[in-house]
Amino acid sequence: VGFPRPQWNLFNLNLAGTGRSAWDVTTGSGSVVVAVIDTGIDSTHPDLAGKIDSLVDCSTGACSVVTSMTDAQADGHGTHVAGMVGAVTNNSTGIAGAGYNTKIMVIKVMDTSGNTETDNFFNAIKWAADHGAKVINTSFGVVADSLPAAAIAEYNNHVAYAWDRGAVVVAAAGNCFGNTNGRKGCGIYANDGNTVSGYASNSKLYPAASPNVISVAASTVDNSIASYSERKDSANA
């Protein structure tokens, strides 16, 4: 009593639960490929066995297909995201995936520090769109305050490229709401691209703010927006 049920997010999203839920309508399809652009995955993870459409490494520049992969981060960020998308379900192991009958295209763009070059990210979106992904998920982005107009245009152009090829991009709204001083990912960089000149608070994040993107904020167990999550308001329309 007083503790949230395991995987409460599945119930808050109405994937599972009493009455008619999303899983009563569909559990995904093996003909649908979801690209996860992230830190890579642990390709030996038992909850992802048989779910991988392809493993692609774009972390050093040009994208290439690989036969195995490790997650660039110790906390397994990309592995976690891939599991939320399509982990094997009803196997008494790990977690349940939202669309657990879909296939996952894993595209690694981040290094061990959680950083990526912008061009690598753009290469990843283009690769996913060109190789059959119907949904492209990216759980990271760059605050608008750090981006010149030309860079924002490039984000918009690459999202449009995917959209024109029948793929929709789903992107994190960001974790830069409130007092963000020192918070990773919320720094505003000077023109040299290396010096932090300040910290954003509820700034637009790209590609989340690009046209034709489904921007996803973070929520809590009681279905309210998380205190750190960016959100649309009168100052961030």
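Exposed means over 50% relative accessible area. The legends below describe a predicted model.

**View 1. N90, an exposed loop residue with positive phi.**
N90 has a relative accessible area of 71%, so this residue counts as exposed. N90 sits in the loop between α3 (77-86) and β4 (103-108). Its phi is near 65 degrees. That is a positive value in a residue other than glycine.

**View 2. N202, a buried loop residue with positive phi.**
The loop between β9 (196-199) and β10 holds N202. Phi is about 60 degrees here, positive although N202 is not a glycine. N202 counts as buried because its relative accessibility is 9%, and buried means under 20%.

**View 3. The salt-bridge network of K126, D130 and R165.**
How many salt bridges does the structure hold? The count is two. In one, K126 pairs with D130, and the closest N and O atoms are 3.0 Å apart. K126 and D130 are four residues apart in helix α4, so about one helical turn separates them. K126 is partly exposed at 38% relative accessibility. D130 is partly exposed as well, with a relative accessible area of 37%.
The side chains of R165 and D130 also meet in a salt bridge, at 3.8 Å from N to O. This pair links distant parts of the chain, 35 residues apart. R165 lies in the loop between α5 and β7 (168-172), while D130 belongs to helix α4. Relative accessibility is 42% for R165, so R165 counts as partly exposed. Shared partners join K126, D130 and R165 into one network.

**View 4. Aromatic ring pairs around F121 and F122.**
The aromatic pairs number six. In the pair of F121 and F122, the ring centres are 6.2 Å apart. Their planes meet at 40 degrees, so the pair is tilted. F121 counts as buried at 1% relative accessibility. F122 counts as buried at 6%.
Y155 and Y206 form another pair, with ring centres 6.3 Å apart. Their planes stand at 45 degrees, so this pair is tilted too. Y155 lies in helix α5 (residues 149-164) and Y206 in strand β10 (residues 205-206). The pair therefore ties together parts that are 51 residues apart in sequence. Are Y155 and Y206 buried or exposed? Both are buried. Ring pairs link F121, F122, F140, Y155 and Y206 into a cluster.

**View 5. The cis peptide bond from Y206 to P207.**
Omega is near 15 degrees for the bond from Y206 to P207. The bond is cis. Y206 lies in strand β10. P207 is placed in the loop between β10 and β11 (213-216). Y206 also takes part in the aromatic cluster of the previous view.

**View 6. A negative surface patch with D119.**
Which residues form the negative surface patch? They are D111, E117, D119 and E154. D119 is placed in helix α4 (residues 118-130). D119 has a relative accessible area of 53%, so D119 is exposed.

**View 7. A nonpolar surface patch with Y199.**
Y189, V196 and Y199 form this patch on the surface. Together they have about 260 Å² of accessible area. Y199 is placed in strand β9. At 34% relative accessibility, Y199 counts as partly exposed.

**View 8. T112 and T27, a pair given by its C-alpha distance.**
T112 lies in the loop between β4 and α4. Its relative accessible area is 64%, so T112 is exposed. T112 and T27 are 85 residues apart in sequence. In space they are 33 Å apart, C-alpha to C-alpha.

**View 9. V56 and M69, with V56 buried in strand β2.**
V56 lies in strand β2 (residues 52-57). V56 has 0% relative accessibility, so V56 counts as buried. V56 and M69 are 13 residues apart in sequence. Their C-alpha atoms are 8.7 Å apart in space.

Key. Residues are numbered from 1 along each chain as its sequence is written. This is a predicted model: local features need pLDDT of at least 70, side-chain atom pairs count only at pLDDT 80 or more; totals for chains, interfaces and linings use all residues. Side-chain values use heavy atoms; hydrogens and water are left out. Patches are made of residues with over 30% relative accessible area and no salt bridge: like charges are joined within 9 Å, nonpolar side chains (Val, Leu, Ile, Met, Phe, Trp, Tyr) within 5 Å. Accessible areas come from the Shrake-Rupley method with a 1.4 Å probe; for residues, only the protein chains shown count as cover. A salt bridge is a side-chain nitrogen of Lys or Arg within 4 Å of a carboxyl oxygen of Asp or Glu. Lys and Arg count as positive and Asp and Glu as negative; His and the chain ends are not counted. The place of a charge is taken as NZ of Lys, CZ of Arg, CG of Asp or CD of Glu. Helices (H or I, at least four residues) and strands (E, at least two) are DSSP runs, numbered from the N terminus. Buried means under 20% relative accessible area, exposed over 50%, partly exposed in between (1.4 Å probe, protein chains only). Rings of Phe, Tyr and Trp (its six-membered ring) pair if their centres lie within 6.5 Å; planes under 30 degrees apart count as stacked, over 60 as edge-to-face and the rest as tilted.
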